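Here's a walk through one protein model, taken piece by piece. Keep the viewer open and follow along.

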Amino acid sequence: RAWRPMDRQRRIPAWLRWASDLPESEVAHRPVLAAAYAWTLLEVGDLEAGETLLAQAERLAAAGRSLPNGGTVPPSQLRVADEDEYALIEPSLAGARAYLAMAQGDTPMAAKSARQALELLPPEAHSRRAAPGALLALAAWTNGELPQAAASLTAAIGSARQIGDHRFIVSASYVLGEILRAQGHFTDAERVYATALKGKQDYADDLIASTANLQIGRAELSILQHELDAAANALERAWELGDGTGQPHWRYRWFVAQAGLLAAQRDHPAAREALDQAEAAFDRGPVPDVRPLPAMRARLLLQMGQIREAAHGLGDSDVRPGGAVEYMREYEQLTLARLIIAQWRAGDAPHAPGAVLRVLDEIAGAARAAVRLPTEIEALALQALAHDALGDRQRAMDLLARALELAEPIGYVQVFLEESAPMRDLLVATTAAGSTGPLLQRIWTAFGGSREDSRQATAATEELAEPLTERELDVLRLIAAGLRNRDIADELYISLATVKRHIANAYGKLGVHSRTAAVARATELHLI
């Protein structure tokens with residue numbers, strides 16, 4: 001009898017300790033207890049044990065269904081203390097099966113089981129319709145059907161509001177905010193967070209603690225818009241709220257968001273450490289893993305210039321150039337595109353950037369059709385970098401101008417900062433060609449410069465018969481920092497011979513014959 005109220009109060013660890021002390025013989029004869037035990041194990045990420053208990057509960061429920069009364073009264077060999085819960089055990093088990101299927105990546109089974117649960121529940125059973133409604137939303141999200149996912153989750157939150165289930169509202173609002181962010185509805189996402197936080201003065205202490213996830217969501221949204229002070233404040237508040245609580249998943253989410261903030265602040269070593277801590281805090285659940293940790297780590301390594309290490313980390317994934325475009329693999333495919341472009345610029349590419357252009361075009365088209373604006377913007381920006389790496393500057397500028405146009409209304413800044421030097425060079429050319437607007441000024445400010453800096457850089461580029469590549473500029477910066485050729489090779493994860501080739505190419509383009517002269521000329525031209 002204690003399970004349902006304790007579950008709603010998120011007192012899951014305490015109830016689980018009680019249940020684990022019971023002899024197996026008691027669970028073996030109690031369908032409601034077995035179902036509750038299964039649900040609780042699933043919620044803490046113990047999927048294997050949860051699946052075993054779920055199968056046991058399903059067998060016990062089936063024994064009741066075989067009776068003439070249809071299972072509304074338990075058979076004599078079963079013991080039931082909570083008859084109201086037993087009367088609705090079928091939709092409860094269907095919901096648990098949906099949860100398990102989502103956590104195991106079986107989206108069709110999750111959607112089927114969630115619909116079954118909703119069909120078995122009466123319309124007025126608001127307290128029980130919220131969970132399967134949310135699982136149906138997660139299944140739609142996994143399929144890339146974000147408008148449907150948002151609609152299902154909004155309906156589930158509406159059911160929770162009918163009975164004042166603030167805990168469900170708080171947890172589901174974080175997920176809804178993430179779905180809205182993926183659509184590019186940044187203002188709507190912030191409104192969802194604010195609405196869920198609105199009545200927190202009336203919340204119990206443990207419920208206030210669960211609002212840590214909402215603060216994490218706000219931080220992630222602020223990072224996308226490069227509002228880093230706001231992001232830092234939200235993450236600080238999230239840690240204060242969540243630290244020491246038994247809330248599931250919040251710690252993993254916090255470290256991922258912290259890594260994103262540190263990377264945006266260009267503190268890459270600390271960001272890498274935060275991703276390591278996120279990995280240690282990860283536990284499986286039904287929320288789709290749309291940004292796998294290995295791909296996040298590979299992106300960070302690329303920002304650090306550690307291309308070979310990034311390639312090694314992404315190599316464990318089976319995503320390949322030219323592979324089929326799938327929503328759940330988009331983040332990895334976009335990460336692979338970044339890797340191939342970086343390898344090409346470094347002169348160490350197994351594939352030309354042209355190998356990823358088709359995939360990027362497909363991702364951009366799919367994102368456009370499904371109203372996933374941030375993904376479309378990222379795919380366009382990467383297409384621009386790929387064309388620029390192939391020497392088609394005009395096509396690159398056209399694509400980047402389109403990406404900037406789409407990003408302007410929602411203030412999506414961060415995507416243009418992650419590629420640093422090559423993106424900055426292309427932005428210089430695009431700005432010189434006449435692109436303007438508040439977003440572009442915010443991007444230049446985030447880069448640590450101004451539009452005047454971009455004009456100077458443009459003039460410098462035009463002075464050179466052939467512009468320096470990103471890797472040549474990287475080498476020059478490290479020379480300016482006093483590093484020797486061997487140290488530069490180690491820092492950039494390239495061979496000593498490649499370093500010497502980049503130096504020779506830079507000398508030729510700058511018209512100099514020594515390291516000192518190269519650094520002086522590049523500094524004079526505002527290139528480093």
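Helix α11 (residues 166–183) and helix α12 (residues 186–198) pack at an angle of about 170°, and their axes lie 8 Å apart. Axes here are lines fitted to C-alpha atoms, for helices over the stretch in contact, and the angles run from 0 to 180 degrees between N-to-C directions. That makes α11 and α12 roughly antiparallel to each other; the label goes to angles over 145 degrees, while under 35 counts as roughly parallel, 65 to 115 as roughly perpendicular and the rest as oblique. Helices and strands are DSSP runs numbered from the N terminus (H or I, at least four residues, for helices; E, at least two, for strands).

A word on ground rules: this is a predicted model, where local features need pLDDT of at least 70 and side-chain atom pairs count only at pLDDT 80 or more, while totals for chains, interfaces and linings use all residues. Residues are numbered from 1 along each chain as its sequence is written, and side-chain values use heavy atoms, with hydrogens and water left out.

Who meets whom between these two helices? On the α11 side you'll find Val-170, Ser-173, Tyr-174, Leu-176, Gly-177, Glu-178, Leu-180 and Arg-181, and on the α12 side Phe-186, Asp-188, Ala-189, Val-192, Tyr-193 and Ala-196. The residues of this α11 and α12 contact split into nine nonpolar, two polar and three charged. For that split, Ala, Val, Leu, Ile, Met, Phe, Trp, Tyr, Cys and Pro count as nonpolar, Asp, Glu, Lys and Arg as charged, and the others, Gly among them, as polar. Contact means heavy atoms within 4.5 Å. Val-170, in helix α11, counts as buried at 0% relative accessibility. Buried means under 20% relative accessible area, exposed over 50%, and partly exposed in between (1.4 Å probe, protein chains only).

Zooming out, the protein chain has 30 helices and zero strands. Its C-alpha atoms fill a box of roughly 95 × 40 × 40 Å along the principal axes. Buried residues make up 54% of the 528 residues. Of the contacts with a separation of 6 or more, 63% come from residues 24 or more positions apart.

Now for the inside. A nonpolar core is a set of buried Ala, Val, Leu, Ile, Met, Phe, Trp, Tyr and Cys residues joined through side-chain atoms within 4.5 Å. The largest one has 160 residues, and Trp-141, Leu-153, Ile-377, Phe-416, Leu-427 and Ile-443 touch the most other members. Which helix gives the largest share of this core? That's α16, with 11 residues. Ile-443 touches Leu-404, Val-413, Phe-416, Leu-417 and Leu-427, not counting residues up to four places away in sequence. Another core, of 22 residues, lies apart from the largest one and has Leu-464, Val-499, Tyr-507 and Ala-522 among its members.

Helix α16 (residues 250–264) has 15 residues and reaches 21 Å from its first C-alpha to its last, close to the 21 Å expected at 1.5 Å a residue (the expected span is 1.5 Å times one less than the number of residues). Since 13 of its 15 residues are buried, α16 is largely enclosed by the rest of the structure.

Helix α27 (residues 470–480) is also largely enclosed by the rest of the structure, because nine of its 11 residues are buried. Charged names such as Glu-470, Arg-471, Glu-472 and Asp-474 are included in that buried set. The buried residues of α27 pack against α19 (307–314), α20 (330–345), α24 (420–432), α28 (485–492), α29 (496–510) and α30. In helix α30 (residues 515–524) sits Ala-522, in contact with Leu-476, Leu-510, Leu-527 and Ile-528 once neighbours within four places are set aside. The C-alpha atoms of Ala-522 and Leu-476 are separated by 8.0 Å, though the two are 46 residues apart along the chain.

Finally, a few backbone spots with positive phi:

| Residue | Phi | Place |
|---|---|---|
| His-226 | near 55° | loop between α14 (212–224) and α15 (228–242) |
| Arg-266 | near 65° | loop between α16 and α17 (268–281) |
| Gly-482 | near 95° | after α27 |

Most residues other than glycine have a negative phi. Arg-266 is partly exposed, with a relative accessible area of 45%.
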